[in-house]
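Colleague: I am new to this one and would like to understand the words people use for it. Could you walk me through them?

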Amino acid sequence: MAAIKCIGILTSGGDAPGMNAAIRAVTRSAIYNGFAVKGIMRGFKGLVFNEIVEFKSQSVSNIIQLGGTILKTARCKEFTTAEGRRTAYENMSAAGIDALVVIGGDGSLTGAGIFAQEYNVPIVGLPGTIDNDLGGTDSTIGFDTALNTIMDAVDKLRDTASSHERLFFVEVMGHTAGYLALNSALATGSEAAIIPEMDTEVDQLAELINHGFRKSKNSAIVIVAENPNTGGATALAQRVKEEFPQYDARVTILGHIQRGGSPTAVDRILASRMGEAAIEAILDGQRNVMIGTENGKIVYVPFAKAVKHNKGIDRNDLELVKILSI
């Protein structure tokens, strides 16, 4: 295989705080190791539409503290087609890019895996998603910052909830994974977390009202993971109105504020370590792997394992929310 001389970087899918710290680490580690670097704008879309720019060390100055991504991100229908990927490969080759570092979530890494197989391109992925739903890594870039954003919002809501004696449903992101919801319920001392993983097992709302929302409490905060199957917090509040009219239920949907903001120290350090590890992986001849961390150590996770969504919720944490809400 020809020697790798130039590395392309892109961010794809939903943005996550810490992506800029990762872009900075990848760029500078690559330059340190003698590679040329090209930044690809708007994710895979930039490959298809040839939005490729040269990156120098100063291109990533003063970005470690910024939320979002300086490379921008976009969904790209064209990349899901064989013709789109062919164009992407032609543009990449014309720009002299020999390997890619893709920062994103499961959709981005799935696309990267297909592209790598079709064109034999060495690709290393970095887990950039607030959902923390990728397999093989203890945490993803952006998860800690989103958790802190939720915590801050819920702390403020608790002040008003206790003043008004209400049942507050707070909807957080993560429609197939309850990681954010469960951890933020623990961090905020919420009465319960209603998560997709438990959907099929119990009626979580009835359980909460019948066992959890006791007479001793005049207000409660329940964290709900967005969920297209159940309709999320809005549908739950509607059910309360119909089935338990004695409670005044309110809904707060935190939405996209969870994705923004300056990354925490935890996310900046994680992104920096993973970014450097991506270049090490390329130097080691690794391909089609995502950089993960397990017990504080860097690990290489095959794309197929990373996108499986088989992380699973820690049942002890669910139990802990219950115990601590009495």
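Modeller: Gladly; what follows is a set of questions and answers on a predicted model.

Colleague: Let us begin with helix H3. How do you know that the span of H3 agrees with its number of residues?

Modeller: Helix H3 covers residues 82–94, which is 13 residues, and at 1.5 Å a residue it should span 18 Å. The expected span is 1.5 Å times one less than the number of residues. The end C-alpha atoms of H3 are 18 Å apart, so the two values agree.

Colleague: Which residues of H3 are buried, and what makes them line one face of the helix?

Modeller: Gly84, Arg85, Ala88, Asn91 and Met92 are the buried ones in H3. Seen down the helix axis, they fall within an arc of 125°, so they line one face. Glu83 and Ala94, on the other side of H3, are exposed.

Colleague: What do the buried residues of H3 pack against?

Modeller: They pack against helix H2 (44–48), strand S3 (52–55), strand S4 (99–104) and helix H4 (106–119). After H3 comes Gly96, with a positive phi near 80°.

Colleague: You mentioned H4. Why is Ser108 called buried?

Modeller: Ser108 lies in helix H4. Its relative accessible area is 4%, and buried means under 20%, so Ser108 is buried. Not counting residues up to four places away in sequence, Ser108 touches Ser12, Gly13, Phe44 and Val102.

Colleague: And why is Ile114 called partly exposed?

Modeller: Ile114 is found in H4 too. Partly exposed is the range between under 20% and over 50%; Ile114 has 35%, so it belongs there. The C-alpha atoms of Ile114 and Gly261 are separated by 32 Å, and these residues are 147 residues apart along the chain.

Colleague: How do you know that the span of helix H9 agrees with its number of residues?

Modeller: H9 has 19 residues, 265–283, and should span 27 Å at 1.5 Å a residue; its end C-alpha atoms are 27 Å apart, so that agrees. Its buried residues include Leu270, Met274, Ile279 and Ile282. H9 is followed by Gly285, which has a positive phi near 80°.

Colleague: Now the charged pairs. How many salt bridges are there, and what makes Arg259 and Asp15 one of them?

Modeller: A search of the whole structure finds eight. The closest N and O atoms of Arg259 and Asp15 are 3.7 Å apart, and the cut-off is within 4 Å, so the pair counts as a salt bridge. This pair links distant parts of the chain, 244 residues apart: Arg259 is in the loop between strand S9 (249–253) and H9, and Asp15 is in the loop between strand S1 (6–11) and helix H1 (19–32).

Colleague: What about Lys56 and Glu54?

Modeller: Their side chains meet in a salt bridge at 3.2 Å, N to O. Lys56 has 43% relative accessibility, so it counts as partly exposed.

Colleague: Where do Glu243 and Arg239 sit relative to each other in helix H8?

Modeller: They are four residues apart in H8, so about one helical turn separates them. Their side chains meet in a salt bridge of 2.8 Å, N to O. Glu243, at 42% relative accessibility, counts as partly exposed, and so does Arg239, at 23%. As for shared partners, salt bridges join Arg166, Asp248 and Arg250 into one network.

Colleague: What makes the phi of Asn132 worth pointing out?

Modeller: Most residues other than glycine have a negative phi. Asn132 is not a glycine, and its phi is positive, near 50°. Asn132 is in the loop between strand S5 and helix H5 (143–164). At 1% relative accessibility, it counts as buried. Asn120 is not a glycine either, and has a positive phi of about 55°; it lies in the loop between H4 and strand S5 (123–127).

Colleague: One last topic, the surface. Which residues make the nonpolar patch of about 290 Å²?

Modeller: Leu320, Ile323 and Leu324 make that patch. Ile323 is in helix H11 (residues 315–324). Patch residues need over 30% relative accessible area; Ile323 has 48%, and is called partly exposed.

Technical notes
Residues numbered from 1 in each chain as written. Predicted model: local features only at pLDDT ≥ 70, side-chain atom pairs only at ≥ 80, totals over all residues. Heavy atoms only, no water. Patch = residues over 30% accessible without salt bridge, like charges linked within 9 Å, V, L, I, M, F, W, Y side chains within 5 Å. Areas by Shrake-Rupley, 256 points an atom, 1.4 Å probe, with all protein chains shown as cover. Helix = DSSP H or I, 4+ residues; strand = E, 2+ residues; numbered from the N terminus. Buried < 20%, exposed > 50% of the residue type's maximum accessible area, 1.4 Å probe, protein only. Arc of directions from axis to C-beta. Contact = heavy atoms within 4.5 Å.
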